[in-house]
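Here's a quick walk through one model, written for someone who likes to poke at coordinates. Have a look at the structure first, then read on.

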Amino acid sequence: MPSSLSRPHADAPIRRLNRGDLVPCADLCEDRGWPRDEHRWGLLLSAGTAYGIDDPEGKGLAATCVVTSYGQGFAAIGMLLVAERYTRQGIARRLMRHVIEASGETVLGLYATASGRPLYEELGFETVGQAERVIGHFRPRVSNGSSSAASAVTVRPAAAGDLHAMLRLDAEVFGADRTHLLARLPAFADHLRVAEDGGELVGYAAIWPSDRLHAVGPLIARDTDTAEALVASLAEATDRPLRMDADARHAELLGRLKERGLQAAPGTTVMAYRAAELPGDWARRFAPLTVATG
């Protein structure tokens, strides 16, 4: 039988985390076999509201959860993690109930792993979609001399003057104001690209470091050709393999990425609380900024 000290009490305080908790958060990821991703944690702790329970034995954190709030009453939940030594003791359930209560009437969305989905269903989350993950080295397309619909699109590195147009497009596609998050994107991303057609910004995408690869996200584009052109441009900027979590409804893009070297990996279930679907225009929303699943 575990001692009382090895089991967090039901009334263990849930506290707000800050950037000073970055290393313990990364340690908790490592404890669960995830990449440490201190870079991602830095963004989440700055742009989101993070909650945690301290380990009663003084060994860092026993659990974490991050809520990233947007305008128009929507928030994304992620990084629900419980230390291996404290699993199956109701800690994740307690932390999620705290988050739900603190959110008021806000619509909540998340990406659930297979292991986390039963808990979310128990708490009232409903499945609203699927996300498919692909990983691998992106192979350039061999030119056959034919023109492509994407040839009308100019893809280039983003400049400071592009931020206003990016924010306008993102709010239209995402269905919420993410200014506080996207303003941090130029510093967070290793490479950021925009797509233009006739001087109009029709898409943007970024890659950021995660373990020994580059994660693609966000990826906003007017169509599949534009999305592929953005990914191709980003792939040219790195020698690392790419990882992308795409809305499974974008089967055409996923098929093209697989043709160009990326391989399928375990995906996630998109779930929502207090809504039958996530806001925004999924047809132009190809990939999120970061899938912080639990």
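Is Cys-29 buried or exposed? Cys-29 is buried, with a relative accessible area of 0%. Keep in mind that this is a predicted model.

## Two cysteines, no bridge

Cys-25 is also buried, again at a relative accessible area of 0%. Still, the structure holds zero disulfides. For Cys-25, the nearest cysteine sulfur belongs to Cys-29 and sits 7.6 Å away. Why is there no bond at Cys-29? Its sulfur is 7.6 Å from the closest cysteine sulfur, that of Cys-25, which is too far for a bond, because a disulfide needs the two sulfur atoms within 2.5 Å.

## How H1 meets H2

Both cysteines turn up again where two helices pack. Helix H1 (residues 22-31) and helix H2 (residues 38-47) pack at an angle of about 125 degrees, their axes 9 Å apart. That angle makes H1 oblique to H2, and the crossing is right-handed. On the H1 side, the contact is made by Leu-22, Cys-25, Ala-26 and Cys-29; H2 brings Glu-38, Trp-41, Gly-42 and Leu-45.

H2 is mostly covered, with seven of its ten residues buried. Among them are Trp-41, Gly-42 and Leu-45, and Arg-40 is on the buried list too.

## The nonpolar cores

Trp-41 has another role to note: it is one of the residues with the most contacts inside the largest nonpolar core, which has 41 residues. Others with the most contacts there include Ile-77, Leu-80, Met-96 and Leu-110. Setting aside neighbours within four places in sequence, Leu-110 is in contact with Ile-77, Met-96, Tyr-120, Phe-125, Thr-269, Val-270 and Met-271.

There's a second, separate core of 30 residues, and it includes Phe-74, Leu-169, Phe-174 and Val-194. As a general backdrop, nonpolar side chains in soluble globular proteins tend to be buried together.

## Backbone oddities

Which residues other than glycine have a positive phi? Asp-37 is one of them, with phi near 45 degrees. Asp-37 lies in the loop between H1 and H2 and, at 8% relative accessibility, counts as buried. Met-79 is another case, with phi near 55 degrees. Met-79 is found in strand E4 (residues 74-82), buried at a relative accessible area of 0%.

One peptide bond to check by eye: Gly-217 and Pro-218 are joined by a cis peptide bond, with omega about 0 degrees. Pro-218 has its place in strand E10 (residues 213-221).

Definitions and conventions
Residues numbered from 1 in each chain as written. Predicted model: local features only at pLDDT ≥ 70, side-chain atom pairs only at ≥ 80, totals over all residues. Heavy atoms only, no water. Core = buried A, V, L, I, M, F, W, Y, C linked by side-chain atoms within 4.5 Å. Buried < 20%, exposed > 50% of the residue type's maximum accessible area, 1.4 Å probe, protein only. Contact = heavy atoms within 4.5 Å. Axes fitted to C-alpha atoms, helices over the stretch in contact; angles between N-to-C directions. Helix = DSSP H or I, 4+ residues; strand = E, 2+ residues; numbered from the N terminus. Parallel < 35°, antiparallel > 145°, perpendicular 65-115°, else oblique. Left-handed = near helix turned anticlockwise from the far one by under 90°.
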